Amino acid sequence: MRILVTGGSGYIGAHVCRLLRDRGDHVVVVDDFVTGIRDRVAEFAQLELSLAEPGAADAVAAFAREHAVDAVIHFAGRKQVAESVEHPLMYWHDNVAGLAAVLEACAASGVEAFLFSSSAAVYGDALGHVAEGAPCTPVNPYGASKLAGEWLTADVARASGLRATSLRYFNVAGAGWPELADTAVLNLVPMVMERLAAGEAPRIFGDDYATVDGTCVRDFVHVLDLAEAHLAALDALAGAPSSTHHVFNVGTGTGSSVRQVVEGVRARWPNSAPDSPPVPAAVVEPRRPGDPAEVVADPSRIAEALGWRARRTLDDILDSVVGACD
Ligand SMILES: NC(=O)c1ccc[n+]([C@@H]2O[C@H](COP(=O)([O-])OP(=O)(O)OC[C@H]3O[C@@H](n4cnc5c(N)ncnc54)[C@H](O)[C@@H]3O)[C@@H](O)[C@H]2O)c1
């Protein structure tokens, strides 16, 4: 297949590009490199472009035609919850207008298959095991922009014949290759590693939740499992009827507590020299507002429809990134 990947130089996009290349697909990338890293996609044809700028749809359509693209995977977007609260217009503009431009380019260039990066943030404050039919009530502009993106994709699919899938990622972590590891410090594992690298104690926000050890519980999915879910979804789209839009959770179905993750990183932290100071122990701070106690994917739908299941564990995730930094 010939696949155009937007945001291919980002953390998740780069993993998917590599798996596609490894199985013999032809990959081309559209990215403005605002958070992506050029070296991750040096081997692929590229169009450097900000998707939310005027004229983007025409430029992407021309690039897709030039490379005879069959399918588009749309990762490009902004993903920082706190930033979205401060700059909602930027999030609606980049995440929704950017998506609209890509969908317009698909129509103009005859691309019929489309994958959209959505997020468990669409569920807002949901608790426990969350299936796709749970109410979607996002609690920040980032989550709202992802839900709007799903709706836009569904509307366009209905009207145009596009075959589309939105994947709602849970907590993505780990690395398939050290050079593709997440360089942003926005999620728990990189945050703990950053503190330890500075010789500081990792922080746990609240240990009095009604969970297994009192700390928040989340569903951590290995980025390679997530990347494989994209390949499964893409392959399924090839045989799907036109005008379809499916939504799938991508998670493991198993929760891990914040304390488990912190202790897992600490246990792997290199301090082998005889005079090394001990690895700092975690400190517990007050709860952060808006953190639900437990959010875990119900991944039954994607298992039944696509045969995809996460194969890697929290230990695999931590081994892939903590071991890679010494
Ligand atoms: N990482 C996660 O935990 C997570 C969870 C749920 C959903 N997602 C979604 O997955 C997607 C990829 O996330 P990631 O972790 O790889 O993020 P990332 O920041 O590493 O990658 C995003 C990529 O998109 C590019 N980009 C951003 N805005 C652009 C624009 N307007 N035009 C062109 N390129 C643009 C960036 O340069 C970068 O290469 C995002 O849409 C994100 O919202 C990520």
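**Close-up views of a predicted model**

**View 1. Isoleucine 12 and its contacts.** Leaving out neighbours within four places in sequence, isoleucine 12 contacts Phe75, Tyr169, Val172, Val223 and Leu226. The model shown here, as in every view, is predicted. Ile12 belongs to the largest nonpolar core.

**View 2. The largest nonpolar core.** This core holds 35 residues. Ile12, Leu20, Ile73 and Val172 have the most contacts inside it. Eight named elements follow, and each gives the core at least two residues: strand S1 (2-6), helix H1 (11-22), S2, S4, strand S5 (113-119), strand S7 (163-169), helix H7 (223-238) and strand S12 (244-250). H7 supplies the largest share, 9 residues. In soluble globular proteins, nonpolar side chains tend to be buried together.

**View 3. A separate core.** Another core lies apart from the largest one. It has 26 residues, including Leu49, Ala56, Val60 and Ala157.

**View 4. Phenylalanine 33, a buried loop residue with positive phi.** Phenylalanine 33 sits in the loop that runs between strand S2 (26-31) and strand S3 (45-48). Its phi is positive, about 60°, although the residue is not a glycine. Is the residue buried or exposed? Phenylalanine 33 counts as buried because its relative accessibility is 11%, and the cut-off for buried is under 20%.

**View 5. Alanine 68, a partly exposed loop residue with positive phi.** Alanine 68 is in the loop between helix H2 (56-66) and strand S4 (71-74). Here too the residue is not a glycine, and phi is positive, near 50°. The relative accessible area of alanine 68 is 44%, so the residue is partly exposed.

**View 6. The whole chain, for orientation.** The protein has 10 helices and 15 strands. Its C-alpha trace spans about 60 × 40 × 40 Å along the principal axes. What radius of gyration would a compact globule with 326 residues have? The expected value is near 20 Å, and the protein has 20 Å, so the two agree. Among contacts between residues at least 6 apart in sequence, 79% join residues at least 24 apart.

**View 7. Surface and charge.** Of the 326 residues, 53% are buried. The protein exposes about 13,900 Å². Carbon and sulfur atoms supply 53% of that exposed area. The protein carries 25 positive and 42 negative charges. The mean positions of the two sets are 2 Å apart.

Definitions and conventions: Residues are numbered from 1 along each chain as its sequence is written. This is a predicted model: local features need pLDDT of at least 70, side-chain atom pairs count only at pLDDT 80 or more; totals for chains, interfaces and linings use all residues. Side-chain values use heavy atoms; hydrogens and water are left out. Helices (H or I, at least four residues) and strands (E, at least two) are DSSP runs, numbered from the N terminus. Buried means under 20% relative accessible area, exposed over 50%, partly exposed in between (1.4 Å probe, protein chains only). A nonpolar core is a set of buried Ala, Val, Leu, Ile, Met, Phe, Trp, Tyr and Cys residues joined through side-chain atoms within 4.5 Å. Contact means heavy atoms within 4.5 Å. The radius of gyration is taken over C-alpha atoms; the globule rule is 2.2 Å times the number of residues to the power 0.38. Accessible areas come from the Shrake-Rupley method with a 1.4 Å probe; for residues, only the protein chains shown count as cover. Lys and Arg count as positive and Asp and Glu as negative; His and the chain ends are not counted. The place of a charge is taken as NZ of Lys, CZ of Arg, CG of Asp or CD of Glu.
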